[in-house]
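Colleague: Hi! I'm new to this one and would love a quick tour. Can you put it up on the screen so that we can talk it through?

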Amino acid sequence: MQVAKEIGGDLLQMAAGVFAGERDPWANAANAAALLFETLPDLNWVGFYFLRGGELVVGPFQGRAACVRIPLGAGVCGAAAKRRETVIIRDVHEFPGHIPCDAASNSELVIPLLAAGRLIGVLDLDSPTIGRSGRPDATLAEALAAKLVAACDWQLAGIDGF
Ligand code: SME
């Protein structure tokens, strides 16, 4: 999507601004979700799941109330976490095991958060539009996720492995 190119630099700059001087994971993740939701058009849910107690537990987000716990390997989020790879789903109804949290979601993009080889959690972006997110948005979301990972002290968050 062209939008990623046009606003990508601004988004990353704004993220650097809100993360500056702050190492708290919950604070920075909350601001990251808000920035993504405000900046990227055509999304109905943006937020984080963090690895706590061996499963993904919902963290800061923007959108409707969501399912709280996702086992590794389950749904799009669990798949991205288990594979440690970005997953772009054109149509969630064609993804076996998709976990429907908001009936409005038709496509999904999930980015794993990794720090020095350790899985922290995932960044999840849902859209009502089939085929909404492609490689350009994935690259932008990956860059934002990398900034967030670098900006936080993960030992403050009760995340597995830290
Ligand atoms: N659809 C996700 C679950 C999380 S919500 O979309 C917020 C999945 O299949 O993992």
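Colleague: Let's start with helix 3: which of its residues are buried?

Modeller: In helix 3, the buried residues are Gly75, Val76, Cys77, Gly78, Ala79, Ala80 and Ala81. Buried here means that 20 or more other C-beta atoms lie within 10 Å of the residue's own; exposed means 12 or fewer, partly exposed is in between, and the C-beta atoms are placed from the backbone. This is a predicted model, where local features need pLDDT of at least 70 and side-chain atom pairs count only at pLDDT 80 or more, while totals for chains, interfaces and linings use all residues. Residues are numbered from 1 along each chain as its sequence is written.

Colleague: And how many of the helix 3 residues is that?

Modeller: 7 of its 9 residues, so to speak a mostly covered helix. Helices (H or I, at least four residues) and strands (E, at least two) are DSSP runs, numbered from the N terminus.

Colleague: What do those buried residues pack against?

Modeller: They pack against strand 1, strand 2, strand 3, strand 4, strand 5 and strand 6. Contact means that the C-beta atoms of two residues, placed from the backbone, lie within 7 Å.

Colleague: What comes right after helix 3?

Modeller: Arg84 follows helix 3, and its phi is positive, near 55 degrees.

Colleague: Switching to the ligand: which residues come nearest?

Modeller: Gly75, Val76, Cys77, Ile99 and Cys101, out of 15 residues around the ligand. A residue is near a molecule or strand if its C-beta atom, placed from the backbone, lies within 6 Å of it.

Colleague: Which element gives the most to that shell?

Modeller: Helix 3 does, with 4 residues. Helix 3 (75–83) and strand 6 (118–127) each supply at least two.

Colleague: What classes of residue are in the shell?

Modeller: There are 8 nonpolar, 4 polar and 3 charged residues. Ala, Val, Leu, Ile, Met, Phe, Trp, Tyr, Cys and Pro count as nonpolar, Asp, Glu, Lys and Arg as charged, and the others, Gly among them, as polar.

Colleague: Now the sheet. What is the strand order?

Modeller: The order is 3-2-1-6-5-4, in an open sheet of 6 strands with antiparallel pairing. The edges are strand 3 (69–71) and strand 4 (87–89), each pairing on one side only. Two strands pair if DSSP finds at least two bridges between them.

Colleague: Can you walk me along it from strand 3?

Modeller: Sure. Strand 3 is joined to strand 2 (residues 55–63) by 3 bridges, and Val57 stands opposite Arg69 in strand 3. Strand 2 then pairs with strand 1 over 7 bridges, in the antiparallel sense. Trp45 has Gly63 in strand 2 as its bridge partner, and Trp45 also stands opposite Asp126 in strand 6. Strand 1 and strand 6 run antiparallel, joined by 6 bridges.

Colleague: What about the far side?

Modeller: Strand 5 and strand 6 are joined by 9 bridges, with Leu109 partnered by Leu125 in strand 6. Strand 4 and strand 5 are joined by 3 bridges, and there Val87 stands opposite Val110 in strand 5.

Colleague: Where are the hairpins, and which turn residues have a positive phi?

Modeller: Strand 1 and strand 2 form a hairpin with 2 residues between them, and Gly53 in the turn has a positive phi of about 65 degrees. The hairpin of strand 5 and strand 6 also has 2 residues between the strands, and Ala116 takes a positive phi near 50 degrees.

Colleague: Why call strand 1 largely enclosed?

Modeller: Because 7 of its 8 residues are buried by the rest of the structure.

Colleague: How many residues are in the largest nonpolar core?

Modeller: It has 45 residues, and Cys77, Ala80, Val122 and Leu144 have the most contacts inside it. Such a core is a set of buried Ala, Val, Leu, Ile, Met, Phe, Trp, Tyr and Cys residues joined through C-beta atoms within 7 Å.

Colleague: What does Leu144 touch?

Modeller: Leaving aside neighbours within four places in sequence, Leu144 is in contact with Leu11, Leu12, Ala15, Ala32 and Leu36.

Colleague: Last one: where is Thr129?

Modeller: Thr129 is in the loop between strand 6 and helix 4 (135–151). Thr129 counts as partly exposed because it has 14 C-beta neighbours inside 10 Å.
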